[in-house]
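Got the model open in your viewer? Let's take a short tour, one selection at a time.

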Amino acid sequence: KVYRASTFAPVNIAVIKYWGKRDTKLNLPTNSSLSVTLSQDDLRTHTTASCSASFASDTLTLNGQPQDISTPRTQACLRELRSLRKDLESKNSSLSQLSSLQLKIVSENNFPTAAGLASSAAGFAALVRSIANLYALPASPTELSRIARQGSGSACRSLFGGYVGWNHGSAADGSDSIAYEVAPADHWSDMRAVILVASAEKKDVSSTAGMQATVGTSALFKARAETIVPQRMEEMEEAIRKKDFAAFASLTMRDSNSFHATCLDTDPPIFYMNDTSRAAVRVCQAINETAGRTVCAYTFDAGPNAVVYYLAADEAAVAGTFRGILGEKTGWEGSRGEKVEKAGQVPENIAGSVETLQKGISRVILTGVGDGPRQTEEH
Ligand code: DP6
């Protein structure tokens, strides 16, 4: 007999960034962070977990390729989930002894893994959620976030939809370093994002290595972790509660810049943003100036891709302008039909940035805020 369960898990893009760990084994962060969960109609990992007495060992495949399942991060997740299942089995003797069976985990991303999108977040969230489903664990998303965090820090935020915080916590065992819902997706459902994929190259410094180099050498980092981020977390939660896009946008852009400043302040310096990224920043500024108010906000993770947030009502001004600049790239039709009908006016006086963007962007992805993991039929 083979037992099986499947889930989709979403990607999330932080607007207050996680950068730096106080414990590298448990992925305990030095500062709290906050993200927007993106729609699984556009970006997702689909994972099926199964277990059977006929399986010889635990296995993991991603997009058809066998993966190393013995890494400490994956093992930590499997150990925690098995132990929760064991507790259930010991309390209820009629339950099948699934905790002692070998697991087969099959994952697929519907987006290019190499594009530098947040694939580890969706990946570990899907791994943890699918096994929790298989084991019929009564665990809440909060409890599962504590487990997924050990796979990859940012993964803990992908257990929830909408607007999601991750408390840095203070306990040494990480028990209070968990994700929480700031607001569900339907609280502010017209939040959209266009992702400008700048390069399909693999990033040169992994986030795990990069953040530890920053912790070890950056003088700016201390101020960011101790003063800047705690203040911004409060302001960002407030902006989301009030649906104040101007405040949300200002905090998002400033926090992305602050994070990249600590990267530049690392010795040796780390450059995640490139000329294409900087051109995207200039174009966003020009779009906001043309509109006479803040209609879009850029943010960059540990790579050159730009994620630009905007509200549905400003789609023509934001996504339309990018379409005017970039022309007929793949991706202008979002899977929920949020088509960018017209190419908008290209801002004046930034011809150099427009040209850099045209050269540097290979594809775009149109998406928006979305829900948390969804249980699915097996594949
Ligand atoms: C810049 O979650 O990938 O995207 O915990 O080492 O797996 P590990 O790091 P990871 O780091 C993400 C960093 C970031 C900011 C963010 O998502 O908050």
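Before you colour anything by class, here's the sorting rule: Ala, Val, Leu, Ile, Met, Phe, Trp, Tyr, Cys and Pro count as nonpolar, Asp, Glu, Lys and Arg as charged, and the others, Gly among them, as polar. This is a predicted model, where local features need pLDDT of at least 70 and side-chain atom pairs count only at pLDDT 80 or more, while totals for chains, interfaces and linings use all residues. Residues are numbered from 1 along each chain as its sequence is written, and side-chain values use heavy atoms, with hydrogens and water left out.

**Stop one: the ligand.** Select the residues around the ligand (a heavy atom within 4 Å of it). You should get 18, with Tyr18, Lys21, Ser152, Ser154 and Thr208 the closest. By class, that shell holds six nonpolar, seven polar and five charged residues.

**Stop two: its polar contacts** (N or O atoms paired within 3.5 Å). Pick Tyr18: one of its polar side-chain atoms is 2.6 Å from a ligand oxygen. At Gly153, go for the backbone, where a polar atom sits 2.7 Å from an oxygen of the ligand. For Ser207, look at the side chain, with an N or O atom 3.1 Å from a ligand oxygen. On its own the ligand exposes 470 Å², and the protein buries 93% of that (Shrake-Rupley method, 1.4 Å probe).

**Stop three: Ser99.** Find it in the loop between helix H1 (72-91) and strand E9 (102-109), both of them DSSP runs (helices H or I, at least four residues; strands E, at least two). Is Ser99 buried or exposed? Its relative accessible area is 7%, so Ser99 is buried (under 20%).

Conventions
Polar contact = N/O pair within 3.5 Å; in protein donor to acceptor, adjacent residues only side chain to side chain. Buried < 20%, exposed > 50% of the residue type's maximum accessible area, 1.4 Å probe, protein only.
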